[in-house]
Amino acid sequence: MIFYTKKILESINNKNITVVAATKYFNSNEMRDLYNTGIQHFGENRVEILLEKQADLADLEITWHLIGTLQTKKAKKILNSIDYLHSLYTLKLAEEIQKRRIDKLNCFIQVNISNEETKHGVNPNEVIDFIKALQGLDKVNIIGLMGMAELTSNKKIINKEFQKLNDLQIEIKNKLNIELKELSIGMSNDYLIALKHNATYLRLGSVLFKKEVQ
Ligand SMILES: *Cc1c(COP(=O)(O)O)cnc(C)c1O
């Protein structure tokens, strides 16, 4: 496997941006190689796989992110094993965090910014009410918003969808006096656009590597 870490970090050219490697493409050995190229933040989609990889890589100083949907019934297995959750969008899960997490968990509210039926997240119109409903859950440390743009080559659409999150950041500041600076946006196909919309966490997978042909 060939890793493009250096090239990608150069194209981002900003030390304040955290690159979270989407690890669904990698097994534990490949993750170890990727770590050795200079990536410490890893984001897994699935609970069981994250726990397995965590055991395999226990000797490394990794910051663990869960970036996929977390079903409430699986939450207790993982809640005290991760550093960041990118996919909070139900009150039920927030209550489970409150109940089970030992310390505060850094969470992004996932917002459904694309019009695709398959995408999860809070409807943009309901984000203010959702944040209000989370007040008082002190284990749920909301640090920012997360979104996934439509998978398209049309930059106008992607810009429009990311802009919704920037607008929401302003609305949240104005209405609730809460500053949510962190933004988890940008995947392989749109991370350069995400940077123009103040992304602070990029979740990158396929752009990081190429499989070597034998
Ligand atoms: C796979 C995945 C990514 C990264 O995808 P690429 O397009 O390969 O960069 C980012 N976020 C989530 C939630 C993912 O599942």
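# Exercises: a ligand and its pocket

A polar side-chain atom of R203 and a nitrogen atom of the ligand lie 2.9 Å apart. The model used in these exercises is predicted.

**Exercise 1.** Find the side chains that have an N or O atom 2.5 Å from an oxygen atom of the ligand, and state how much of the ligand's accessible area the protein covers.

*Solution.*
Step 1. Start with Y25: an N or O atom in its side chain is 2.5 Å from an oxygen atom of the ligand.
Step 2. Turn to S188, where a side-chain N or O atom is also 2.5 Å from a ligand oxygen.
Step 3. On its own the ligand has 390 Å² of accessible area, and the protein covers 89% of that.

**Exercise 2.** List the residues that surround the ligand and sort them by class.

*Solution.*
Step 1. The surrounding residues are A22, K24, Y25, N45, I67, M148, M187, S188, R203, L204, G205 and S206.
Step 2. Pick out the charged residues: K24 and R203 belong here, because Lys and Arg count as charged.
Step 3. N45, S188, G205 and S206 go to the polar class, in which Gly is included.
Step 4. Check the totals: the shell has six nonpolar, four polar and two charged residues.

**Exercise 3.** Which pocket holds the ligand, and what lines that pocket?

*Solution.*
Step 1. The ligand sits in the largest pocket.
Step 2. This pocket holds about 380 Å³ of space.
Step 3. Its lining has 20 residues, and K24, N45, M148, M187 and R203 are the ones nearest the centre.
Step 4. By class, the lining is made of seven nonpolar, 10 polar and three charged residues.

**Exercise 4.** Describe the second largest pocket by volume, lining and class.

*Solution.*
Step 1. The volume is about 210 Å³.
Step 2. The lining consists of L9, I12, N13, N14, K15, I17, T18, V19, G38, I39, Q40 and H41.
Step 3. Two elements, α1 (5-12) and β2 (18-22), give two or more residues to this lining.
Step 4. Sorting the lining gives five nonpolar residues, six polar and one charged.

**Exercise 5.** How many cavities of 30 Å³ or more does the structure have, and which residues line the largest cavity?

*Solution.*
Step 1. A search of the whole structure gives one such cavity.
Step 2. The volume of the largest cavity is about 30 Å³.
Step 3. Q110, V111, N112, I113, S114, K119, H120, G147 and M148 line the largest cavity.
Step 4. Three of these residues are nonpolar, five polar and one charged.
Step 5. Compare lists: M148 is in this lining and also among the residues that surround the ligand.

Note on methods:
Residues are numbered from 1 along each chain as its sequence is written. This is a predicted model: local features need pLDDT of at least 70, side-chain atom pairs count only at pLDDT 80 or more; totals for chains, interfaces and linings use all residues. Side-chain values use heavy atoms; hydrogens and water are left out. A residue is near a molecule or strand if one of its heavy atoms lies within 4 Å of it. A polar contact is a pair of N or O atoms within 3.5 Å; within protein, one must be able to donate a hydrogen and the other to accept it, and residues adjacent in sequence count only if both atoms are side-chain atoms. Accessible areas come from the Shrake-Rupley method with a 1.4 Å probe; for residues, only the protein chains shown count as cover. On a 1 Å grid over the protein atoms alone, a cavity is a set of points where a 1.4 Å probe fits but cannot get out, and a pocket is an open set with protein on both sides within 12 Å along at least five of seven lines; lining residues have an atom within 4 Å of a point. A molecule sits in a cavity or pocket if more than half of its atoms lie within 2 Å of its grid points. Grid points are joined across faces, edges and corners, and a volume is the space filled by probe spheres set on the points. Helices (H or I, at least four residues) and strands (E, at least two) are DSSP runs, numbered from the N terminus.
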